[in-house]
Amino acid sequence: MTELVTKIQEVLNEADVVLGWVHSAAAGAAVPAWFHNAVEAEAAVFDSTCVHNLAVHLPRLQDRTAGIVAKGCDIRSVVQLISEGQVRRDRVRIISVPCPGVVDVKKVWRCFGYGKKLIDAGGQVEMEGKTAPREEILLWKCRGCRDTAPLISDVVVGDPAGVAPPSPAERTGLRERFDAMTPAERRRFWQEQFSRCIRCNACREACPLCFCRDVCTMQTREPHWTGGQINAREAEMAQHIRINHLAGRCTGCEECERACPVGIPLMLLLEEQNRAVEKLFGYRAGTDPEAKPPLLVFDIDNDTWDSER
Amino acid sequence: MRFIATDRIPGLLGRLVESGMSVWAPQVVKDTVNTVLFAPWTGLEEISLDAYTMLSAKQLVLPATERLFSYRYTLEGGRERIGIEPSPPADKETAVFGARACDARALAALDALFLPEEGSGYRDPGYAAHRAGLTVITLACTTCDSACFCSSFGKGPAETAGSDLILYPVEGGLLAEPVTEKGSQIAAFDIFEDSEQSKPELATTACIDLEGIGDKFLGAFNDLDFWQRATENCLSCGYCTYACPACHCFNIFDEMSSDREGERCRSWDACMFYVYTLETSGHNPRPSIAHRYRNRVGHKFSYYPANQGELLCTGCGRCIRNCPGGLDVRNVLKGLAAVEAATEPGTRKPGPSGPEAGKPGTEGPSANGPEAAR
């Protein structure tokens with residue numbers, strides 16, 4: 001019985017359900033699982049394929065006490081949800097796990113193929129005899145992670161101080177190239193990117209902070225801010241609405257980009273916006289459950305935002 | 001059989017382009033890590049035949065958005081009139097290169113609905129035009145991965161339905177076997193040569209038991225507990241339906257470009273969206289993810305087979321490989337059998353208690369438990 005399993009079982013004494021992961025033989029990786037009792041929890045795992053941000057489920061579980069196995073970055077989403085009143089602190093039990101970074105499944109497929117079991121040890125990942133340096137297949141958000149220590153937690157598994165964050169790195173080439181683009185070039189770049197968008201809304205549904213979900217302006221005709229056509233113009237408009245709505249709320253968990261089936265680099269936009277919010281307001285989303293997101297309280301006629309607070 | 005060397009494949013595609021066709025082939029999207037999509041091939045692009053595409057080729061017969069007609073209000077002698085200009089049916093010849101047997105088979109399943117025999121149902125003119133202009137050049141699978149389950153559906157990778165020409169990977173190139181007249185014409189191109197090589201052994205995927213699956217679904221229909229547990233990981237996005245080669249639901253709507261003119265369009269729609277069944281009154285008969293996912297499974301494995309005689313799933317595995325939430329439809333299908341066994345008539349759990357309980361017009365006996373509003 002691992003420490004993780006034991007702690008989930010303990011939390012289940014006071015929680016209706018615990019969100020965690022199990023290993024899926026078909027996927028060769030971890031898949032999310034909801035543990036309702038101690039027996040189910042016996043299958044719980046945490047490894048470098050536990051990419052999903054399970055905080056996405058919490059706003060739908062408001063009427064229950066839910067436990068959540070969470071990486072440092074996932075905890076930031078929980079914190080942000082608490083600060084926005086979408087999750088009650090007394091109804092969530094955070095089980096923090098020490099995370100040395102999680103893999104980008106698309107990189108794993110490129111290196112190894114889908115569904116093969118990944119062995120992660122000693123700075124290398126290995127699958128079917130092929131190896132790759134661990135850092136090269138991590139999600140970009142994990143490079144230079146600032147959140148390995150849990151901001152808040154109820155139960156700690158392992159030693160959070162025992163994991164070293166992966167070395168920092170910018171997304172290869174793309175970020176640099178994008179930053180160097182003129183506004184007109186950026187325009188063309190995004191038109192090309194959004195020409196692939198199929199408006200499946202996976203970005204929205206995978207985002208823990210997009211909790212409007214069923215009443216989202218990306219899809220409604222009231223207000224009719226976007227047309228129903230699936231084309232670059234409407235897709236880009238819909239995405240800009242979503243992204244602007246995440247100003248000062250996005251914790252950079254990268255789930256939107258991970259979920260995107262057509263590979264639109266949404267984090268280029270969100271990172272830019274997150275940096276702007278941090279610079280303008282000294283605010284980093286999901287770091288203080290007591291804080292109010294700046295754009296929720298910002299008053300243009302009475303601009304007294306104190307960046308120190 | 002006919003044979004084409006690997007290095008002559010661009011030449012073959014070039015011949016198709018020269019003949020006036022628009023050619024679509026799988027390509028890695030620029031600036032992405034191995035995101036492979038069907039995309040137009042114009043002569044320079046590198047094609048990628050060893051990875052599975054994130055989306056199927058159905059956009060070639062059911063475009064994501066298609067204008068049905070445009071309209072314009074005019075005033076004539078003080079009276080308002082509407083002028084309608086229908087969009088001409090597509091007349092473009094298109095070839096898709098490197099579809100798989102699962103993609104092609106889905107076209108055959110869609111034909112059952114959109115192109116019924118003359119006189120036996122509505123033939124969709126938009127679909128008919130695209131389908132008539134489409135040539136499907138299928139790459140037979142000699143390998144598969146653990147998300148593939150097409151062997152559950154009879155012939156699996158050896159399926160020929162929906163294909164015009166099938167290409168078999170062999171040493172140094174591809175063997176070509178025509179299925180239709182369109183395919184024969186292409187195999188006759190002199191870029192192919194005659195070959196004595198025999199067809200390779202095709203992959204056999206993991207299988208699930210589909211025996212009586214439609215009835216098993218109906219048996220489990222009322223067990224909302226089952227559907228809620230089965231869909232806990234579902235995020236209710238539309239990826240699985242949009243990537244699916246057989247899902248075909250659409251929405252029809254008007255978009256106005258000014259207060260005088262606009263266009264009526266149809267676009268893909270997904271039954272996993274809350275707004276899909278949202279009624280004008282505000283009532284929604286499928287209020288929870290469980291309700292919506294149940295409908296998706298039912299349409300594929302019960303209603304469509306009952307109405308059209310074809311399963312609406314071909315085992316391509318896209319919804320499994322790429323589900324952002326980590327759902328595997330095979331687990332749900334396996335679970336159906338267990339539900340039926342456990343719920344003999346009259347032994348179903350009594351009384352729903354959740355917030356949707358007893359709401360009139362909710363599909364099924366209504367939701368159980370607090371997750372009903374998910």
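Two strands count as paired here if DSSP finds at least two bridges between them. Keep that in mind for the first stop, and remember that you are looking at a predicted model.

**Stop 1: the sheet in chain B**

Select chain B and show it as a cartoon. Look for an open sheet of 8 strands, which run in the order β3-β2-β6-β7-β8-β9-β1-β10 with mixed pairing. To find its borders, pick residues 36-41 for β3 and 193-194 for β10 of chain B; these are the edge strands, each with a partner on one side only.

Now add residues 22-28 of chain B, which is strand β2. β2(B) and β3(B) run antiparallel to each other, joined over 6 bridges. For a close-up, click B:Ala25: across from this residue, in β3(B), stands B:Ala39. Helix α2(B) packs on the sheet, where it touches β6 (94-99) and β7 (134-139) of chain B. Compare directions while you are there: α2(B) makes about 145 degrees with β7(B).

**Stop 2: the nonpolar core**

Stay with that helix for a moment. Which residues touch the most other members of the largest nonpolar core? Select A:Ile68, A:Val69, A:Ala70, A:Val78, B:Val96 and B:Leu167, out of 184 residues in this core. Helix α2 of chain B, residues 101-114, gives the most to the core, with 8 residues.

Zoom in on B:Leu167. Leaving aside residues up to four places away in sequence, B:Leu167 touches B:Ile137, B:Thr138, B:Leu139 and B:Ala140, along with B:Leu174, B:Leu175 and B:Ala176.

**Stop 3: two domains in chain A**

Switch to chain A and colour residues 1-169 and 170-309 separately: the domain assignment makes these domain 1 and domain 2. Their C-alpha centres are 24 Å apart. Where the two meet, 23 residues of domain 1 of chain A are in contact with 23 of domain 2 of chain A. On the domain 1 side you'll find 13 nonpolar, 5 polar and 5 charged residues.

**Stop 4: where the chains meet**

Finally, show both chains together. How many residues of chain A are in contact with chain B? There are 39, and they meet 41 residues of chain B. On the chain A side, select β2 (29-35), α4 (105-112), α7 (202-206) and α9 (255-259), each of which supplies at least two residues. The largest share comes from α4(A), with 4 residues. Colour this side of chain A by residue class and you get 17 nonpolar, 11 polar and 11 charged.

Conventions. Residues numbered from 1 in each chain as written. Chains lettered and ligands numbered in written order. Predicted model: local features only at pLDDT ≥ 70, side-chain atom pairs only at ≥ 80, totals over all residues. Contact = placed C-beta atoms within 7 Å. Nonpolar A, V, L, I, M, F, W, Y, C, P; charged D, E, K, R; others polar. Domains from an automatic or database assignment. Core = buried A, V, L, I, M, F, W, Y, C linked by C-beta atoms within 7 Å. Buried ≥ 20, exposed ≤ 12 C-beta atoms within 10 Å, placed from the backbone. Axes fitted to C-alpha atoms, helices over the stretch in contact; angles between N-to-C directions.
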